[in-house]
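I opened the model to go through its metal site, its core and a few single residues. My notes follow in the order of the look-ups.

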Amino acid sequence: MYGSTKKTPAPEFSEWLLENKHLSVAWCSLPGTAKRAELHALAEEQDGLCVYCGRRLEYNSDEHGQPRNHIEHFRPRTDYPDQAFSHSNLFVSCGPASEGDGSSIGMATCGVHKADDFDEDLFVYPSREDCQGRFSFSVSGDILTGTEDYAARKMVDILNLNAKHLVKARESQFLLLTLEIQRQLNNGYSSETLIRMLLGRQDGQTADFAHMLEQLIAGPLRAVDEV
Ligand SMILES: [Zn+2]
């Protein structure tokens, strides 16, 4: 899981909540402007990546009008209505359109796959400091967890984070960037410059699967420097 560093809700979202706190409001009554503002505030806390898989969030819809992201209620609002508007319970996840047409069996991942599944005794909260560290990566793109970390294993299943297309995407990203880093090292770039290039994109945004790149490439590069 990529995780999130919680800050504060979007002002438009907080203001609307304040104005409507005396009403028993449903999530669907949240105005579009307040919802969009909150979505962007949440995305910023996650470096613009899906809180679960770490792919770059996209903001447009596909040709069928399916959104490519959605605001995710970690504790489902059906079972936890009191947390429906709680900023600490909200994150941004890939939407149905991130998985092709979203209906292929085995393709859905992240919040779409999780749906209303939630086990109060067995979960890894995305804003916990140790969230990222409880998941590691193999060079072939698989997500690994500690053998006795049942909550982390459960999250991988609930979110379908080892779906074939995600594993393939991570492996491709790793192989591509390993080759590129090797090429640039041969060109005399410093490790520090390369790590910056690795974790960021040319447009200044965080790279897809930055947590995997940090663990498999940036970490070892720093270790070599320290020797
Ligand atoms: Zn995702």
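Is Asn160 buried or exposed? I looked it up, and Asn160 is buried, with a relative accessible area of 17%. I use buried for under 20% relative accessible area, exposed for over 50%, and partly exposed for values in between, with a 1.4 Å probe and protein chains only.

Ground rules. I am working on a predicted model, in which local features need pLDDT of at least 70 and side-chain atom pairs count only at pLDDT 80 or more, while totals for chains, interfaces and linings use all residues. I number residues from 1 along each chain as its sequence is written, and side-chain values use heavy atoms, with hydrogens and water left out.

Entry on backbone angles. I placed Asn160 in the loop between H4 and H5. Helices (H or I, at least four residues) and strands (E, at least two) are DSSP runs, numbered from the N terminus. I noted phi of Asn160 near 55°, a positive value in a residue other than glycine. Most residues other than glycine have a negative phi. Phi of Cys110 is also near 55° and positive. I found Cys110 in helix H3, residues 110-114, and buried, at a relative accessible area of 0%.

Entry on the zinc ion. Which protein atoms are the donors of the zinc ion? I listed the SG atoms of Cys50, Cys53, Cys94 and Cys110, which lie 2.2 to 2.4 Å from the ion. Donors here are N, O and S atoms within 2.8 Å of the metal (3.2 Å for Na, K and Ca); water is not among the atoms, so sites may look incomplete. The arrangement is tetrahedral because the 4 donor atoms subtend angles of 100 to 122° around the zinc ion. Four donors count as tetrahedral if all angles lie between 85 and 135 degrees. Along the chain, I read the donor spacing as C-x2-C-x40-C-x15-C. Cys50 sits in the loop between helix H2 (32-45) and strand S1 (69-73), and Cys94 in strand S2 (residues 90-94), so this pair ties together parts that are 44 residues apart in sequence. I checked the burial of the other donors as well: Cys50 is buried at 0% relative accessibility, Cys53 at 2% and Cys94 at 4%.

Entry on disulfides. How many disulfides does a search of the whole structure find? I got 0, taking a disulfide as a pair of cysteine sulfur atoms within 2.5 Å. Why does Cys131 form no such bond? Its closest cysteine sulfur is in Cys50, 11 Å away, and this is too far for a bond. I also have Cys131 as buried, at 1% relative accessibility.

Entry on domains and core. I have domain 1 (11-163) and domain 2 (167-226), with bounds from an automatic or database domain assignment. Their C-alpha centres lie 26 Å apart. I counted 19 residues of domain 1 in contact with 15 residues of domain 2, where contact means heavy atoms within 4.5 Å. The largest nonpolar core has 57 residues, and those with the most contacts inside it are Met1, Tyr52, Leu161 and Ile217. Such a core is a set of buried Ala, Val, Leu, Ile, Met, Phe, Trp, Tyr and Cys residues joined through side-chain atoms within 4.5 Å. Elements that each supply at least two residues of this core include H1, H2, S2 and helix H5 (164-186). Both domains give residues to this core, so it lies between them. Leaving out residues up to four places away in sequence, I found Leu161 touching residues that include Met1, Tyr52, Cys53 and Cys110.

Entry on single residues. I found Ile158 in helix H4 and buried, at 7% relative accessible area. Beyond four places in sequence, Ile158 touches Cys110, His113, Lys114 and Asp117. The C-alpha atoms of Ile158 and Trp16 are 32 Å apart, with their positions 142 residues apart along the chain.

Ser4 is in the segment before helix H1 (11-19) and is buried at 9%. With the sequence cut of up to four places, I list among its contacts Glu45, Val51, Phe91 and Pro126.

Arg36 lies in helix H2 and is exposed, with a relative accessible area of 53%.

Terms used
Four donors count as tetrahedral if all angles lie between 85 and 135 degrees; four count as square planar and six as octahedral if opposite donors are over 155 degrees apart and all others between 65 and 115; anything else is irregular.
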